[in-house]
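Got a structure open and wondering where all those labels come from? Let's go through a few of them.

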Amino acid sequence: MSQKNRIGSVIMSLTIFVFSACNSVNNSVNDEPLVKINESFLTKGKVYQAVPNSLSKEDSAIFAQDYINRWIRSELLLSKAELNLTPDEKDVEQMLEEYRRSLLIHQYQQKLLEQKYSPLITGSEIKKYYTDMVDNFKLAEPIIKGVFVIVPQSAPNINNLKDLYRSDEAEDIVKLEAYCFQNAKKYEVFLDHWLTFDEINKHLPEGINQTERFIRNNKYHHTTDSVNQYFLSIKEYKLGAEVAPLEFVESKIKAILLNKKRLEFIKQLEVDLYDEALKNKNITFF
């Protein structure tokens, strides 16, 4: 039997095992080997435990085959490493201990952050950071506010839509949204927030190339293809290299400030722990 056929046979056997297994799998079946490399065994039980319960029969077989192949490659590499590395190079105890220490410290810090620290970022802090760092908030691409609608060619009252999508009247915006809810394949009424022009451009049948020239010279745009009609109204815009409006970068600034406050909290925690240890004489200097 070829190597490929042997792997296929292993997968078939495992798939039957996975789908016939109950919650309590017999230990003797669990320990039954599937693959051996040198002195290492991959058992049915190990693969069974790795396969997610939510997968279909076909997906379970694919997952199991990938798991077995990865185990084989890993074991082969490990064998070569054992043969070719010096004893000093194979001594990883110190690295494992350092990793363990770092992991435990990180988990403890995260636990403290979740339990004891919920920093509040105020609007004035966000505005101050924006003002102080305004040169860091230049736009990489144009952004716009406006209306974008895609309707099928068969949509009713197209002439009415042509009037509504151009209007600035609040009453007409309500009528537009009602029309779009009934008839549009896709619509965005983004008068109160910014979108990058690319978010709209990617939905047009023929993408616009010279976007900044287009935005400067076109307040309204209507185009069609064999299936749909597309309507774009640009109410406001900012071009690339201009300073981004505060509202466009507000969430980014909030994330920056939250991270900064968390780092300050961790730093202060280290200082407090050190001072407490000195006070309690838990630190001895020789």
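Two residues count as being in contact when they have heavy atoms within 4.5 Å. Keep in mind that this is a predicted model.

Q: What do the buried residues of α7 pack against?
A: They pack against α12 (246-279), and packing here goes by that same contact cut-off, heavy atoms within 4.5 Å.

Q: Which residues of α7 are called buried, and what makes them so?
A: Helix α7 covers residues 123-132, and its buried residues are I126, Y129 and Y130. Buried means under 20% relative accessible area, so each of these falls below that cut-off.

Q: How do you know on which side of α7 they sit?
A: The buried residues cover an arc of only 100° around the axis, so they are on the same side of α7. That fits a general rule: an α-helix has 3.6 residues a turn, so residues three or four places apart point the same way.

Q: What makes S124, K127, K128 and T131 exposed?
A: Exposed means over 50% relative accessible area, so these four are above that value. They lie on the face of α7 turned away from its buried side.

Q: Why is α6 called roughly perpendicular to α12?
A: The axes of α6 (residues 93-116) and α12 cross at roughly 115°. Angles of 65 to 115 degrees count as roughly perpendicular, so α6 gets that label.

Q: Which residues meet where α6 and α12 touch?
A: Y108, Q109, L112 and L113 in α6 meet R262, F265, I266, L269 and E270 in α12. These divide into six nonpolar, one polar and two charged.

Definitions and conventions: Residues numbered from 1 in each chain as written. Predicted model: local features only at pLDDT ≥ 70, side-chain atom pairs only at ≥ 80, totals over all residues. Heavy atoms only, no water. Buried < 20%, exposed > 50% of the residue type's maximum accessible area, 1.4 Å probe, protein only. Helix = DSSP H or I, 4+ residues; strand = E, 2+ residues; numbered from the N terminus. Arc of directions from axis to C-beta. Axes fitted to C-alpha atoms, helices over the stretch in contact; angles between N-to-C directions. Parallel < 35°, antiparallel > 145°, perpendicular 65-115°, else oblique. Nonpolar A, V, L, I, M, F, W, Y, C, P; charged D, E, K, R; others polar.
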